[in-house]
Amino acid sequence: MSENITQRVSRIVSSTFNKLVDATENMAPEMVMEEAIREIDQATDEVRAELGRIIAQAHLATSRLNEENSKHDDLSRKVKLAVEEGRDDLAEAAVSQLLDIESQIPVLESTIAKAREQQKELENYVDALAARRREMKDELAQYREAMSEPPAGGSGPVA
């Protein structure tokens, strides 16, 4: 079973290059570091895709809620008019539709609230991954710099 986004982000953000390098005995440390950065990029892409899906879901639920509120307002006016004209049959049908709409509104509001919570959580994941990526890029640059420096204590080339 593949990791879910929360587990993957937590694992990536909490990992260190040293752990990764220690865990891979036969691989070059620089390659391991580069692979870790690529994994962050992949995880970020996945989180952003999920974020887009959640934003779309919230938008659709908001649109539907607005439609249902408009229908509710329209039906409320129709009920009032039907009662004023003594059309109890029309008023009764409209009230039935109003009750249906009123039962849907809390569900839509809940869907929107949950989507907003998920959106905030996913945005935090993107921020955390971006921060971790910057840290790893800095560590990789430091590693490369350390590898390019001549060893200390030597007096020069041996003849």
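In this predicted model, Ile5, Arg8, Val9, Arg11 and Ile12 of helix α1 meet a set of residues in helix α3, namely Glu39, Ile40, Gln42, Ala43, Glu46, Val47 and Glu50. Sorted by class, the residues of this contact between α1 and α3 are six nonpolar, one polar and five charged. Helix α1 covers residues 5-14 and helix α3 covers residues 29-84, and their axes come within 11 Å of each other, crossing at roughly 145°. The crossing of these two helices is left-handed.

It helps to place this contact in the overall layout. The protein contains four helices and zero strands, and reading from the N terminus the elements follow the order α-α-α-α. Of the 159 residues in the protein, 24% are buried. Contacts can also be sorted by how far apart their partners sit along the chain. Among those between residues at least 6 apart in sequence, 79% join residues at least 24 apart.

Helix α1 has another partner in helix α4. Two packed helices are described by the angle between their axes and the distance between the axes. For α1 and α4, the axes come within 10 Å and the crossing angle is roughly 25°. An angle under 35 degrees counts as roughly parallel, so α1 runs roughly parallel to α4. The crossing of α1 with α4 is left-handed. On the α1 side the contact is made by Ile5, Thr6, Val9, Ile12 and Val13, and on the α4 side by Glu121, Leu122, Tyr125, Ala128, Leu129 and Arg132. By class, the contact of α1 with α4 has eight nonpolar, one polar and two charged residues. Readers may recognise some names here, since Ile5, Val9 and Ile12 also take part in the contact of α1 with α3.

How do α3 and α4 cross, and how far apart are their axes? The two axes come within 6 Å and cross at roughly 165°. Angles over 145 degrees count as roughly antiparallel, and therefore α3 is roughly antiparallel to α4. This crossing, too, is left-handed. The contact of α3 with α4 has 34 nonpolar, 11 polar and 15 charged residues.

The next topic is the nonpolar interior. The largest nonpolar core has 18 residues, and Val47, Leu122 and Leu129 are those with the most contacts inside it. At least two residues of this core come from each of α1, α3 and α4, the last of these spanning 88-148. The biggest contribution is that of α3, which gives nine residues. Valine 47 offers a good view of this core: setting aside residues up to four places away in sequence, valine 47 touches Ile5, Val9, Leu122, Tyr125, Val126 and Leu129. Two of these partners, Ile5 and Val9, belong to α1, while Leu122, Tyr125 and Leu129 belong to α4. There is also a second, separate core of 10 residues, which includes Ala61, Val79, Leu98 and Leu108.

Three individual residues complete the picture, beginning with glutamate 68 in helix α3. Is glutamate 68 buried or exposed? Its relative accessibility is 3%, and the cut-off for a buried residue is under 20%, so glutamate 68 counts as buried. Apart from neighbours within four places in sequence, glutamate 68 is in contact with Ile101, Gln104, Ile105 and Leu108.

One of those partners, isoleucine 105, lies in helix α4. Isoleucine 105 is buried as well, because its relative accessibility is 13%. Leaving aside neighbours within four places in sequence, isoleucine 105 is in contact with Leu65, Glu68 and Asn69. Arginine 64 and isoleucine 105 are 41 residues apart in sequence, and their C-alpha atoms are 9.1 Å apart in space.

Glutamine 118 is also found in helix α4. Its relative accessible area is 35%, and so glutamine 118 is classed as partly exposed. Along the chain, glutamine 118 and alanine 58 are 60 residues apart, and a distance of 10.0 Å separates their C-alpha atoms.

Conventions. Residues are numbered from 1 along each chain as its sequence is written. This is a predicted model: local features need pLDDT of at least 70, side-chain atom pairs count only at pLDDT 80 or more; totals for chains, interfaces and linings use all residues. Side-chain values use heavy atoms; hydrogens and water are left out. Axes are lines fitted to C-alpha atoms, for helices over the stretch in contact, and angles run from 0 to 180 degrees between N-to-C directions. A crossing is left-handed if the near helix is turned anticlockwise from the far one by less than a right angle, and right-handed if clockwise. Contact means heavy atoms within 4.5 Å. Ala, Val, Leu, Ile, Met, Phe, Trp, Tyr, Cys and Pro count as nonpolar, Asp, Glu, Lys and Arg as charged, and the others, Gly among them, as polar. A nonpolar core is a set of buried Ala, Val, Leu, Ile, Met, Phe, Trp, Tyr and Cys residues joined through side-chain atoms within 4.5 Å. Buried means under 20% relative accessible area, exposed over 50%, partly exposed in between (1.4 Å probe, protein chains only). Angles under 35 degrees count as roughly parallel, over 145 as roughly antiparallel, 65 to 115 as roughly perpendicular and the rest as oblique.
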